[in-house]
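Grab a pencil and open the viewer. Here are a few short exercises, each with a worked solution to check yourself against.

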Amino acid sequence: MADPAIAADDPLAIAARWQSEGRKVAIATVVDTWGSAPRAVGSHLVIDSDGAFEGSVSGGCVEGAVIAEAMEIAQGAPAKVLEFGVADETAWEVGLSCGGTIRVFVEQLDPTA
Amino acid sequence: MKAEDLRAINAARAAREAVAYVVPLAGGPGRIVERGADDPLAEPLQALFATGKSRRLEGAAQDGGDLFARIYRPSPRLVIVGAVHAAQVLAPMAAACEFAVTIVDPREAFAAADRFAGVSIVAEWPDADVLALDAETAVATLSHDPKIDDPALQIALNAGCFYVGALGSRKTHAKRVERFVAAGFGEEAIGRIHAPIGLNIGSATPAEIAVSILAEIIEALRKGGR
């Protein structure tokens with residue numbers, strides 16, 4: 001009766017599909033926000049080891065930096081928490097123009113389990 | 001995240017069931033906790049399930065580190081019973097707020113599709129199969145006819161809908177309460193009905209009534225229902 005529960009462009013549905021195609025995948029999730037942050041806690045960005053991505057963790061401000069880290073994690077580097085904000089010394093390149101701060105947790109989608 | 005956990009999360013979402021994925025932020029395997037499961041984290045998770053908000057749980061890991069609880073709750077549905085004037089305004093407003101909206105009214109003249117472009121309309125009596133309610137569904141009865149509204153409200157209370165609201169004055173509601181008591185519903189269950197429906201903002205038109213109803217539904221969705 002209702003719409004499908006999972007949209008076609010849903011990041012976690014895409015992550016599952018990518019893995020079934022044999023691609024190496026990492027999942028990034030917003031875990032903390034302060035001030036004005038564009039995406040809510042829990043928002044997902046999924047990335048493969050070639051840098052393909054779906055979803056978002058910000059309005060596009062920090063995705064590039066997250067993707068670079070996530071490509072390593074997709075291939076087996078340890079999970080980590082990344083922080084972005086105006087207080088960050090790289091803020092000029094990848095900070096949030098809205099003045100907020102976010103933390104993003106990135107972990108591998110473990111193909112062995 | 002384990003591949004099997006991702007499959008479990010996606011399966012739960014497809015089945016419109018709420019689950020949490022709990023993962024240590026210092027690294028290490030996460031795990032799935034179903035809503036209502038007997039679990040050491042049941043208490044903090046219950047509060048998160050009620051609002052649908054994901055959150056860091058400080059010091060909750062075995063080693064004293066932080067956990068992150070990602071709450072997956074299905075997108076909300078709104079079932080409007082009574083294809084009345086206020087429903088014509090409420091349906092598109094709720095759709096704009098990302099509710100999947102269904103209107104149920106057995107009176108075919110009311111439920112005519114051209115009055116409700118782009119909305120799912122069911123011209124049948126509201127029984128359990130027609131309504132297909134769950135905890136992630138809000139029900140608003142607007143028909144003003146107890147023959148139509150009462151069964152829908154009773155099914156909604158039994159289904160644990162996160163919001164149950166009924167149009168009608170205090171006097172109308174007092175009579176409804178008498179009927180529901182006679183039908184065996186307890187005080188707690190009847191108390192979950194928002195009646196008169198909607199936040200009290202002095203609404204004067206069908207559109208303003210729709211605003212007050214939708215605001216009350218969103219309050220229940222984001223701050224936890226009764």
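Helices here are DSSP runs of H or I with at least four residues, numbered from the N terminus. Keep in mind that you're working with a predicted model.

**Exercise 1.** Check whether the end-to-end span of helix H1 (residues 3-14) of chain B agrees or disagrees with 1.5 Å a residue, then say what follows H1(B).

*Solution.*
- Step 1: The expected span is 1.5 Å times one less than the number of residues. H1(B) has 12 residues, so it should span 16 Å.
- Step 2: The C-alpha atoms at its two ends lie 17 Å apart, which agrees.
- Step 3: After H1(B) comes Arg16(B), with a positive phi near 55 degrees.

**Exercise 2.** Find which residues of H1(B) are buried and what they pack against.

*Solution.*
- Step 1: Go through the helix and pick out what is buried: Ala3(B), Asp5(B), Leu6(B), Ile9(B), Asn10(B), Ala12(B) and Arg13(B).
- Step 2: Recall that an α-helix has 3.6 residues a turn, so residues three or four places apart point the same way.
- Step 3: Look at the partners. In chain B, the buried residues pack against strands E1 (19-24), E2 (31-34) and E4 (67-72); chain A adds its own helix H1 (11-20).

**Exercise 3.** Describe how helix H3 (residues 85-96) and helix H8 (residues 206-223) of chain B pack.

*Solution.*
- Step 1: Two packed helices are described by the angle between their axes and the distance between the axes.
- Step 2: For this pair, the angle is about 50 degrees and the axes are 8 Å apart. That makes H3(B) oblique to H8(B).
- Step 3: Their crossing is right-handed.
- Step 4: H3(B) brings His85(B), Ala86(B), Val89(B), Leu90(B), Met93(B) and Ala94(B) to the contact, and H8(B) brings Pro206(B), Ala207(B), Ala210(B), Val211(B), Ile213(B) and Leu214(B).
- Step 5: Sort those residues by type and you get 11 nonpolar, 1 polar and no charged.

**Exercise 4.** Decide whether Pro126(B) is buried or exposed, and list what it touches.

*Solution.*
- Step 1: Place it: Pro126(B) sits in the loop between strand E7 (120-122) and helix H4 (128-131) of chain B.
- Step 2: Its relative accessibility is 4%, so Pro126(B) counts as buried, the cut-off being under 20%.
- Step 3: Leaving aside neighbours within four places in sequence, Pro126(B) contacts Val81(B), Val104(B), Leu131(B), Ile148(B), Pro151(B), Ala152(B) and Ile155(B).

Notes:
Residues are numbered from 1 along each chain as its sequence is written. Chains are lettered from A and ligands numbered from 1 in the order in which they are written. This is a predicted model: local features need pLDDT of at least 70, side-chain atom pairs count only at pLDDT 80 or more; totals for chains, interfaces and linings use all residues. Side-chain values use heavy atoms; hydrogens and water are left out. Buried means under 20% relative accessible area, exposed over 50%, partly exposed in between (1.4 Å probe, protein chains only). Contact means heavy atoms within 4.5 Å. Axes are lines fitted to C-alpha atoms, for helices over the stretch in contact, and angles run from 0 to 180 degrees between N-to-C directions. Angles under 35 degrees count as roughly parallel, over 145 as roughly antiparallel, 65 to 115 as roughly perpendicular and the rest as oblique. A crossing is left-handed if the near helix is turned anticlockwise from the far one by less than a right angle, and right-handed if clockwise. Ala, Val, Leu, Ile, Met, Phe, Trp, Tyr, Cys and Pro count as nonpolar, Asp, Glu, Lys and Arg as charged, and the others, Gly among them, as polar.
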